[in-house]
Amino acid sequence: MIGGNIGFTAGTLLLVAGLVLIIVSSLRPNRIQVTSDSLVITGSYKYSVKLGEIRSVERLDSLPKIKLRTNGIGWPNIKIGHFRVEGIGKCRLYVNQKFPPYVHIVTSAGEHIIFNTKDPENTESIFRSLSAAVSD
């Protein structure tokens with residue numbers, strides 16, 4: 001019986017450790033960067049799009065209503081992954097709802113991406129960089 005208890009305990013500890021690792025990694029903020037030719041989002045649900053493929057850039061003071069999480073992380077304030085959003089439909093979100101504003105881009109393929117950072121000034125800076133790149 002002792003061997004069975006050790007195996008059960010070890011399995012339970014591994015399961016708990018795995019769950020803690022998933023939770024911690026999902027709470028880590030994505031890194032959002034504008035390079036010379038792309039918008040790059042690293043972290044959970046990585047994403048990259050060439051600046052030339054961005055059709056529009058919009059600054060949002062509030063997030064549209066999220067109707068459904070289809071694949072992603074849906075913590076109370078953190079939304080990362082694929083969602084259905086009111087007025088938009090399918091949308092990739094990389095947001096922390098505690099830190100508006102948000103940036104909404106639409107690609108030439110019709111993809112909608114909304115993101116922000118924990119620093120509103122950084123989000124504004126990314127918005128300005130994308131707006132300038134798209135208007136060129």
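**Figure 1. Salt bridges in the predicted model.** This predicted model holds four salt bridges. Side chains of opposite charge can pair when their charged atoms come close. The views below take up three of the pairs: D37 with K50, D61 with R59, and R59 with E124.

**Figure 2. Close-up of the D37–K50 salt bridge.** The closest N and O atoms of D37 and K50 lie 3.1 Å apart. This pair links distant parts of the chain, with the two positions 13 residues apart in numbering. D37 sits in the loop between β1 (31–34) and β2 (38–42). K50 belongs to strand β3 (residues 47–50). D37 is partly exposed, at a relative accessible area of 37%. K50 is also partly exposed, at 43%.

**Figure 3. Close-up of the D61–R59 salt bridge.** Here the closest N and O atoms are 2.3 Å apart. D61 counts as exposed, with 54% relative accessibility. R59 is partly exposed, and its relative accessible area is 33%.

**Figure 4. Close-up of the R59–E124 salt bridge.** R59 pairs with E124, and their closest N and O atoms are 2.4 Å apart. The contact joins distant parts of the chain, 65 residues apart. R59 lies in strand β4 (residues 54–60). E124 lies in helix α2 (residues 120–135).

**Figure 5. The network of R59, D61 and E124.** Salt bridges with shared partners connect these three residues into one network. R59 pairs with D61 and with E124.

How values were computed: Residues numbered from 1 in each chain as written. Predicted model: local features only at pLDDT ≥ 70, side-chain atom pairs only at ≥ 80, totals over all residues. Heavy atoms only, no water. Salt bridge = Lys/Arg side-chain N within 4 Å of Asp/Glu carboxyl O. Helix = DSSP H or I, 4+ residues; strand = E, 2+ residues; numbered from the N terminus. Buried < 20%, exposed > 50% of the residue type's maximum accessible area, 1.4 Å probe, protein only.
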